[in-house]
4 protein chains.
Amino acid sequence: MMPRTKGEESKRKLLQAAEELFAKKGFQSTKISEIVANAGLTQAAFYLYFKSKEDIFQQMIQDFDQQIIDLSDAGKKVVELVPNDIKSYVTNMFIQLFTVLGKNPNLTRIALQHATESDQIRKKIVEQIANNMSNNQRFGIVKEEIDTWVAAEAIVAVTERLVNRYLLTGEKTEKELGEQVARMFLSGILNHSKSGD
Amino acid sequence: MMPRTKGEESKRKLLQAAEELFAKKGFQSTKISEIVANAGLTQAAFYLYFKSKEDIFQQMIQDFDQQIIDLSDAGKKVVELVPNDIKSYVTNMFIQLFTVLGKNPNLTRIALQHATESDQIRKKIVEQIANNMSNNQRFGIVKEEIDTWVAAEAIVAVTERLVNRYLLTGEKTEKELGEQVARMFLSGILNHSKSGD
Amino acid sequence: MMPRTKGEESKRKLLQAAEELFAKKGFQSTKISEIVANAGLTQAAFYLYFKSKEDIFQQMIQDFDQQIIDLSDAGKKVVELVPNDIKSYVTNMFIQLFTVLGKNPNLTRIALQHATESDQIRKKIVEQIANNMSNNQRFGIVKEEIDTWVAAEAIVAVTERLVNRYLLTGEKTEKELGEQVARMFLSGILNHSKSGD
Amino acid sequence: MMPRTKGEESKRKLLQAAEELFAKKGFQSTKISEIVANAGLTQAAFYLYFKSKEDIFQQMIQDFDQQIIDLSDAGKKVVELVPNDIKSYVTNMFIQLFTVLGKNPNLTRIALQHATESDQIRKKIVEQIANNMSNNQRFGIVKEEIDTWVAAEAIVAVTERLVNRYLLTGEKTEKELGEQVARMFLSGILNHSKSGD
DNA sequence: TATGAATGAGGCTTCATTCAT
DNA sequence: GATGAATGAAGCCTCATTCAT
């Protein structure tokens, strides 16, 4: 994990600098000159490791993308379980979502902003949540009248925004947010169950 | 409403073109050359009506800003009413919100994206909703344990996203979305009332 | 002299405005938009009276040029006279020079600055003075060892500068400057004569 | 003195080209495209070394400014000496002045033309000469009736013009001009002394 | 006699990218 | 593995000038 060679170290520095700048100023507004300055290198060095500005962006997203996929896969496995305590299950899922996105606030911001890419990533997350929810709808856990795609979009939008607004600023923790959101959505989405509050 | 002079017509065309492009590609990525091309004018003409790219943006936002303020004011008046049918009241509020933002999907997208400005506008909307909700909290209508600011941010985030995802594409109407969202949030936010479904 | 028609009046206003601006900011830095603004007209109107920016400049210079030629001619006539009082004659010449240039401080400034033109006008003035002086050299009035062309250039340079520095600012009058300059140059240029101080 | 690195060499070429063009065509009329063309570089290269057109101008002036200050300081030291041979002293001063300005004919022209800056630089030179002269006036060397500031302005104007007219063209040397000018001004400014011609 | 509207050409400046060392 | 130097392409903006009315 720790870079061995000087080259790997330089590349890491560049990725790090780019991540911070992209998050702070957006992709377009971030200049290569700024990235290399923040990384303590020259502009030419940048092109030793990346083919273009777009390239560094892609490489940056990839890792993040993988984490999302992992979350997604984890999600799939949980689907089959019919939880005793639905409420805590859902709350947990929210906390998980906040945790993944909150661990990479910069990447979250970047990924969900960059036009083309964001749609890809967002789509993956939304898809995973929607499928999950549809499944639970078949089990009678999620209300019939809920449009699971709309709900999934809503959940992602809320999570994304609250990460930026409260997690990034340190005003609230993953747990607090997860609980708040669960509370807001739960009884709207789930059927009245004995496990409700 | 219809511009009388040629100049006014040209300015309108430029604003129109800019709005579409800003919404589609973002402020930074939109080139003045594209705006004027879409408006059927030359680049020099642009500067007959706007001092800079930032200027056209500001002028564009102003109108929208006013509509938001109007909505805000309308909202304040409704606060005092203790509705018999809370559910339909809230649903209505959501439909209203979708309608205002949905009427200006481009502007919504632009305003809520452009760094500095977005914070201003978003803040106004969120503030209005949060205050409204806090009021209702005092009346015992909204649950104690809800953080109204978090909830308001959530509502705006959801609305914004669904407008872009479903209203803009024509896949759903304001009414459909308003009802869906009300359904999702309602029982999470409101106390169990006889007016619930 | 007073313009009869509206057109003449407009043209006069434009010339007036241009003169002031050219003098204050130079030819290049003065924009047509500024000229017409100062004249209370539109840019299109400008082209009713002048073919181009260069054109208004030329027309402006012409009048001035004529005055210089007139001074020149007057100078020639005086040459033949062998004055009794050389000192007062020279002083007078200086006062005259200051008067002509001082009457048109703007034009002086403009004419002597605008690259191409200035050389023409300056040349005329210098030539006239140099010839005059050479003549007087033959009469033994001006010292043999004086290079009359150098002296003439010097005289014009001094006059030009002092007009700008002291006449334009109102700090000194033509008379004062004429006398000062005469005093400075006289005994350097003229042979010791009984009319010296 | 000779630039070591390629970059320094390029910067030097740009300064050189700019100097010539500014002198020939004035600041405003000189385009950056012309400067870089004359320096054999591209327009982008210009911005490797200078922040703007104004910037290259400032850097150019600085050196010159320093030389003027040095001359000024040298001048101050000489003030105290009551020279035996005033004439040769003054002649020398003129030769010195011609030499400094003549060594940088372009800069002289530029510095004394560019509005804001020129006033600064000209003022410095004029001030130095005027003070010098006032001092000598107290010693009875310079005539009472001479306005030393007017005289100083005159001297600078003459020097400036003759440098451009005769030194730049190679028609006359510093020595020749210095002597001519000394001759013209000397007896006008100085009291009749045994050291006069 | 004048104006409202528009434009072509060109200026300054920025930036991602390349290449020789 | 890195840098100093340079560039091409493109962006924003200005300004003298034109033309229909």
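This is a short walk through a predicted model of protein chains with two DNA strands.

Okay, let's start with chain A on its own. Chain A has 9 helices and 0 strands, and if you read along the sequence you get α-α-α-α-α-α-α-α-α. Chain A has 197 residues, and 50% of them count as buried. For the contact-map people: take the contacts in chain A with a separation of 6 or more, and 68% of them come from residues 24 or more positions apart. The accessible surface of chain A is about 10000 Å², with 51% of that belonging to carbon and sulfur atoms.

Now, the copies. How does chain B go onto chain A? You rotate by 179°, shift by 0.2 Å along the axis, and chain B superposes on chain A with an RMSD of 0.4 Å. So the two copies are related as by a two-fold rotation axis. The interface tells a matching story: 96% of the interface residues of chain B are also interface residues in chain A, so the copies meet through the same surface.

On to the DNA, strand F to begin with. There are 35 residues around DNA strand F, and the closest are A:Tyr49, B:Tyr47, C:Lys31, D:Ala44 and D:Tyr49. What part of the strand does the protein see? Looking at the atoms of DNA strand F within 4 Å of the protein, 60% belong to sugar or phosphate, and the rest to bases.

Here are some of the phosphate contacts on that strand. An N or O atom in the side chain of A:Tyr49 is 2.4 Å from a phosphate oxygen of DNA strand F. The side chain of D:Thr42 puts a polar atom 2.9 Å from a phosphate oxygen of that strand. With C:Lys53, it's a backbone N or O atom that lies 2.9 Å from a phosphate oxygen of DNA strand F. As for which elements give two or more residues to the surface near DNA strand F, they include α1 (6-25) and α3 (43-49) of chain A, α2 (32-39) and α3 (43-49) of chain B, and α3 (43-49) of chain C. Chain D brings α1 (6-25) and α3 (43-49) to that list. By class, that surface has 16 nonpolar, 13 polar and 6 charged residues.

Then strand E. Here we have 34 residues around the strand, with A:Lys31, B:Ser10, B:Tyr49, C:Tyr49 and D:Tyr47 coming nearest. Of the strand E atoms within 4 Å of the protein, 61% are sugar or phosphate and the rest belong to bases.

Which side chains reach the phosphates of DNA strand E? Among them is C:Tyr49, with a polar side-chain atom 2.5 Å from a phosphate oxygen. B:Thr42 has a side-chain N or O atom 2.9 Å from a phosphate oxygen of DNA strand E, and for C:Ser10 the corresponding distance is 3.1 Å. The elements that each supply at least two residues near this strand include α3 of chain A, plus α1 (6-25) and α3 of chain B. Chain C also gives α1 (6-25) and α3, while chain D gives α2 (32-39) and α3. The class split near DNA strand E is 16 nonpolar, 13 polar and 5 charged.

Let's leave the DNA and look at a helix, α8 of chain B, residues 148-167. Of its 20 residues, 18 are buried, so helix α8 is largely enclosed by the rest of the structure. What caps the N-terminal end of α8(B)? That's B:Asp147, with a side-chain oxygen 3.0 Å from the backbone nitrogen of B:Trp149.

Two more residues and I'm done. D:Ala18 sits in helix α1 of chain D. D:Ala18 counts as buried because its relative accessibility is 0%, under the 20% cut-off. Beyond four places away in sequence, D:Ala18 touches D:Ile35, D:Ile56 and D:Met60. C-alpha to C-alpha, D:Ala18 and D:Ala39 are 8.7 Å apart, with their positions 21 residues apart in sequence terms.

Last one: C:Gln137, in helix α7 of chain C, residues 115-138. Is C:Gln137 buried or exposed? At 17% relative accessibility, C:Gln137 counts as buried. A polar atom of its side chain lies 3.3 Å from the backbone oxygen of C:Glu144. Setting aside neighbours within four places in sequence, C:Gln137 also contacts residues including C:Val142, C:Lys143, C:Ile146 and C:Thr148.

Methods
Residues are numbered from 1 along each chain as its sequence is written. Chains are lettered from A and ligands numbered from 1 in the order in which they are written. This is a predicted model: local features need pLDDT of at least 70, side-chain atom pairs count only at pLDDT 80 or more; totals for chains, interfaces and linings use all residues. Side-chain values use heavy atoms; hydrogens and water are left out. Copies are superposed by least squares on the C-alpha atoms of residues with pLDDT of at least 70 in both. Contact means heavy atoms within 4.5 Å. A residue is near a molecule or strand if one of its heavy atoms lies within 4 Å of it. A polar contact is a pair of N or O atoms within 3.5 Å; within protein, one must be able to donate a hydrogen and the other to accept it, and residues adjacent in sequence count only if both atoms are side-chain atoms. Helices (H or I, at least four residues) and strands (E, at least two) are DSSP runs, numbered from the N terminus. Ala, Val, Leu, Ile, Met, Phe, Trp, Tyr, Cys and Pro count as nonpolar, Asp, Glu, Lys and Arg as charged, and the others, Gly among them, as polar. Buried means under 20% relative accessible area, exposed over 50%, partly exposed in between (1.4 Å probe, protein chains only). Accessible areas come from the Shrake-Rupley method with a 1.4 Å probe; for residues, only the protein chains shown count as cover.
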